[in-house]
Amino acid sequence: MRRWRARLAPTWSKAQVPVYSIVLAFAVAAVVVIVSSAFTASGFDPLLPFAAYARLFAGAFGSGNGVANTLVAAAPLMFGGLAVGIGLKAGLFNIGVAGQFLVGAFAAAVTGAALAAAPTIVGMPLAMLAGGLAGAAYGFIPGYLKARTGAHEVVTTIMLNNAAALLLTWAVNDLVRAPGFSFPRTADIGQSALPILAGRNLHLGIAFAVAAVFVIRWILVRTTLGFEIRTVGANPSAARYAGMRPIFITALTMTISGLLAGLAGAIQMLGVIGFYAPGITASVGFDSIAVALLGRSDPIGILFAALLFGAFRAGAPLMQIETSVPIEVIDIIQALVILFLAADLIVRRVFRVRAPKIEIVELATVTGSWGAGTPPPGTAG
Amino acid sequence: MSDKTSVLEMRGITKRFPGGTLANDAIDLELGEREIHALLGENGAGKTTLMNILYGLVTPDEGEIRIDGTPVAIQGPADAIARGIGMVHQHFMLVPVLSVAENVVLGQEITGVGGVLDMRTAERRIRELAERLGFSVDPGTRVNQLSLGQQQRVEILKAIYRGARILVLDEPTAVLTPQETREIFGVLRRLRQDGTSIIFISHKLDEVLEIADRITVIRRGKVVGSRKPAQTNKDELAELMVGRAVSLRVDRGQSHPGDVTLEVVGLRALDDRRHEILQGVDLNVRAGEIVGIAGVGGNGQDELVECVVGLRKPNAGAIRLAGRDITRQSVEGRRDLGIAYVPADRQRFGLVLPYLLPDNFVLTRYGEVPYAGGLGGFVRQDQPIRNEAGRLAKEFDVRASSLDVAASTLSGGNQQKVVVAREFRHDLRVLVVDQPTRGLDVGSIEFIHKQVIERRDAGVAVLLVSAELDEVLDLSDRILVMYRGRIVGTFAAAEAQREKVGLLMATGEART
Amino acid sequence: MKRLLAICAAVGLVAAACGVIPGTGSGLKIGLVTDIGQLEDKSFNEFSWKGVQDGAKAVGGTAQAIVTKDIADYKQNIQQFVDQKYDVIVTVGFLISTDTLNAAKANPSIQFFGVDQFIPDPIPANYQGLLFNEAQAGYLAGIVAGTITKSGKIGAVGGRSDVPPVVNYIKGYENGAKSVKSTVTVSINYVEDFNAPDKGEASAKTMIGQGVDVLFQVAGLTGAGVLRAACNAKVYGIGVDVDQYLSLPDSAACIITSAEKHLQNATRDGIKRFKDKGKQTGNFTNDATNDGVGASPIRNLNPVPAGLTDKLTQATNDMKSGKLKPIP
């Protein structure tokens, strides 16, 4: 027992603030639900949050289909979370996952449709590849701009998100619009769809996502490239001194980030949606930021954070049907989790957690991104 | 006992940290009125803990604090301030974007009708106070436009403004140039005249002997002695501090210079503000020779070093290693050719503070065999990295509870030893060391100096830059003086008199 | 201690998950899957939902809604109702039509209605698209605009030029206005974005600057900006889809009328048709003949211009009889 505790201690010390943030978010959201219940037709109900959370849990894990839905919703968030997370490791805040996701989804949809009649073993991998490469190319742009001109990636990626949505709308309307539909969309992907492994919708993309978690973890922890990425993120001056090329690493990391975001779009396209249409939302893009922060940019942390967010998505319908608690409660919980992570002092107070000796580089990247005058480490004082 | 009356007494102060470290072990300290009392000790001796107890930041396990003879309980900084204790931390606590006046009044704002900030009154008072202390500062200037020395004076101003009668300065000279140090000493003497009592924390022997009325030495949490400057000397204080006899003289021995290894010709380069800071530098360093660059900070030494190691691109001129032009080589390429570099700012360049020690020990060699291998050198090899880290930590006496701690948890001396251990390899040809001992205690300084000389004797060409003229004079076989981006003089070690070199540093001309 | 409490609360949640199953009423179970957004969007989701509730009441059934937040969730949200053995499933918006069609094919015993969904052949016997004659509604709005303009210049801001209903509205509007005053000029701008009030506002300001004094918005959230600009410039605004005088209180001061799809009638009537006549199929157009479209009550005009109400009634009757085609 004690040995176990000792072995888990380092993991727990990293995970405790995120875990407590989740607990606290659920608690605060429960209060919101109770208070707002007084203004609904069913009337004041102090037990409503318990019923709602119970159905949320049952919807996400209470049946085989529920678990499948959770995994299906979690898979693109794993890719997206990794995309944001690897950026944060290098000190980059890639807000452009939304745009890279769309570009990847579009490329996968078009390639998949073109190969709709080809065998799955041909069409699916090529469509995945197209999605990943398109995302990588779209991630390379802000990476290159940052490396060459110093243009801040937060600004450029926000712009590129809009550009992606508009460009793809035009592309669907004027280049690849499929005939026979009442609204503009791409053609069916046919055989290029990700094979269903089990049940109704448990597709192969989930295996890809989990594999990606371990590949990225391996790259970050075990390879020289990962060491370079982490060093550039932790201390760019030291990285330069050590003979690394921060400019190159920056551009490369954004490209890898875009690749992962593009793959998120590709599996969502080939595993779930099946066609690209203007108006497709990329909530994955923004949820990915939350997933990466909740997972502390650690691939394993991201795996669990994505599963949690996936469970929210999978469990929400049952919660709505059976308790009439609106889905916005999920938004509230998700927002609160991030709020408590950012303001971890609150969490530490409530749960009496001691502050870490090492500051969290990732959160500093995110919060630091908003001030133009943030000095590089070591120049202060 | 002091011949003056005591304003502050600390009796039997004991503090045990979780894990059993005894940071303070029954420390007694007494501060007289109008006294500058130096607290001397190595890094980690317990000086800062003791002062944090006085300032209410740490609660002692045992002991008593008396102010003006009355026992007091200090619960926090607010208490301490209310009792007339002011503290200037090692790392300044100023808000960079606020003005001097705003920083000084922060938390003690003067408000007029309806809570409106009355900055004009505050600025007037600050100006008066500064004049009384013997320096001028424009209260409207933003703090981030001030030099470190000026910022420190603002910190002092802030403490005095809040009515401090007892002023604690934690390593106030660590980040200052010699001139700034001299200026701050002037301020401290004025304060003493005005009736302020001062605790001055340091590990620099010269400074302590110059400024203090009394010196208390702490080692491993205990008071090991108290002296008046007139009754002691550097050697005795160093021995008290370290616990053994320390050689403060560097035994340089005889050098045996060989062929020219490093050659710099007509080097010109811009600084970060795009001014031409290097205006044609020529120098060479022979194998088995230490060449020291003396100069007042900001005359191009840092940029010269950066050009030599590949971090800065020169506009003109050439750098050669054993006759081979390396001007266009990358940092990594030069390192492969045998150039090592100990940067001036170890926290910014030399280390990645959140990394554990093994990663820091191989920071500049992470891509080399055997630390990387497999898949074309792509995979890091943990065991060789750990082995090397263990070996270096032992050889260079890096004191850490284990290898698996972040570099940020080490003391400054141990951090520097990590950098030195990593860079001082045996297969070197050129060793560039910039401020190798800045902020270190005497034990670490002695150790690092020995290592530099050992490398020289092994045939390495050493280029040394230091703001401490004594260090340059003690270590170098040849001394070059740098002034406004040029080398303005060369001295053989035997001919280099302190005054001559100092004059050349200050004026760029050698008048007789 | 606090830590302990929090952990207990978390454990309590998990335990509760295994027990609670609230019961539902008897009769038809009717589920609504919304378009992306929120339930109270004062537009398609909200009024479709109101109609579903009305319909459930009318047939003695129960109604529940699932709000969709992402296109990837459509399938799962529909499936949730299928799994819960719902009898009627109503989905909102054209993006969800593919998933609705697939679900209808897979579950022939369940009746599906698709609000604003045109279903291409072959149409399953248990799936009906609920469409609207936007041109008729737009035509009526155009009559109002043509009547009240003083400058003889009116404008319309569209969300997207690739969405046929939007285009139909605006064409009908143009023709309706010209039927009243043949000299009227109609400025039309598609901002290609349904979610950008700022773009809507900018577009509207440009038109107002050119002398336009009546603005018709067919642009979702973007349109809120159009109406805001109209109010700020003290010119007339015309809403779309629902009576925006009620749904957009911020702009109520300048909204004269709205080209309205009677969504609430459409979903309610669909449910009633299913109850009365069994499985519904095909594309069902709600138009003037079944009170499926109309102009919302005239607001903010005192007095209402002479003859305007008559003109609207006349046009409605002519459209009912088939004599008037808003887009020839």
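# Exercises on a predicted three-chain model

Strand 21 (residues 478-483) and strand 22 (residues 486-492) of chain B pair in the antiparallel sense over six bridges, where strands (E, at least two residues) and helices (H or I, at least four) are DSSP runs numbered from the N terminus, and two strands pair if DSSP finds at least two bridges between them. The model is predicted, and local features need pLDDT of at least 70, side-chain atom pairs count only at pLDDT 80 or more, while totals for chains, interfaces and linings use all residues. Residues are numbered from 1 along each chain as its sequence is written, and chains are lettered from A and ligands numbered from 1 in the order in which they are written.

**Exercise 1. Find the bridge partner of Met482(B) in strand 22 of chain B, and the residue of the hairpin that takes a positive phi.**

Solution. Begin at Met482(B), whose bridge partner in strand 22 of chain B is Ile487(B). Then go to the turn of the hairpin, which has two residues between strand 21 and strand 22 of chain B, and there Arg484(B) takes a positive phi near 45 degrees.

**Exercise 2. Asp68(B) and Glu171(B) each have a positive phi although neither is a glycine; place each residue and decide whether it is buried, partly exposed or exposed.**

Solution. A residue is buried if 20 or more other C-beta atoms lie within 10 Å of its own, exposed if 12 or fewer, and partly exposed in between, with C-beta atoms placed from the backbone. Asp68(B), with a phi of about 50 degrees, is in the loop between strand 4 (62-67) and strand 5 (70-72) of chain B. Because Asp68(B) has 14 C-beta neighbours inside 10 Å, it counts as partly exposed. Glu171(B), with a phi of about 45 degrees, is in the loop between strand 7 (166-170) and helix 6 (178-194) of chain B. Because Glu171(B) has 21 C-beta neighbours inside 10 Å, it counts as buried.

**Exercise 3. Locate the cis peptide bonds from Val369(B) to Pro370(B) and from Asn302(C) to Pro303(C).**

Solution. In chain B, the bond from Val369(B) to Pro370(B) has omega near 5 degrees, and Pro370(B) lies in the loop between helix 12 (357-361) and strand 17 (372-373). In chain C, the bond from Asn302(C) to Pro303(C) has omega near 0 degrees, and Pro303(C) is found in the loop between strand 12 (293-295) and helix 11 (308-321).

**Exercise 4. Describe the sides of chain A that touch chain B and chain C.**

Solution. Two residues are in contact if their C-beta atoms, placed from the backbone, lie within 7 Å. The contact between chain A and chain B takes 20 residues from chain A and 29 residues from chain B. On the chain A side of this contact, helix 8 (224-234) and helix 9 (236-241) are the elements that give two or more residues, and helix 8 gives the most, with five residues.

Next, 39 residues of chain A are in contact with 36 residues of chain C. Among the elements of chain A that give two or more residues to this side are helix 1 (2-37) and helix 12 (299-323), and the largest share, seven residues, comes from helix 12. By class, the side of chain A that touches chain C has 22 nonpolar, 13 polar and four charged residues, where Ala, Val, Leu, Ile, Met, Phe, Trp, Tyr, Cys and Pro count as nonpolar, Asp, Glu, Lys and Arg as charged, and the others, Gly among them, as polar.
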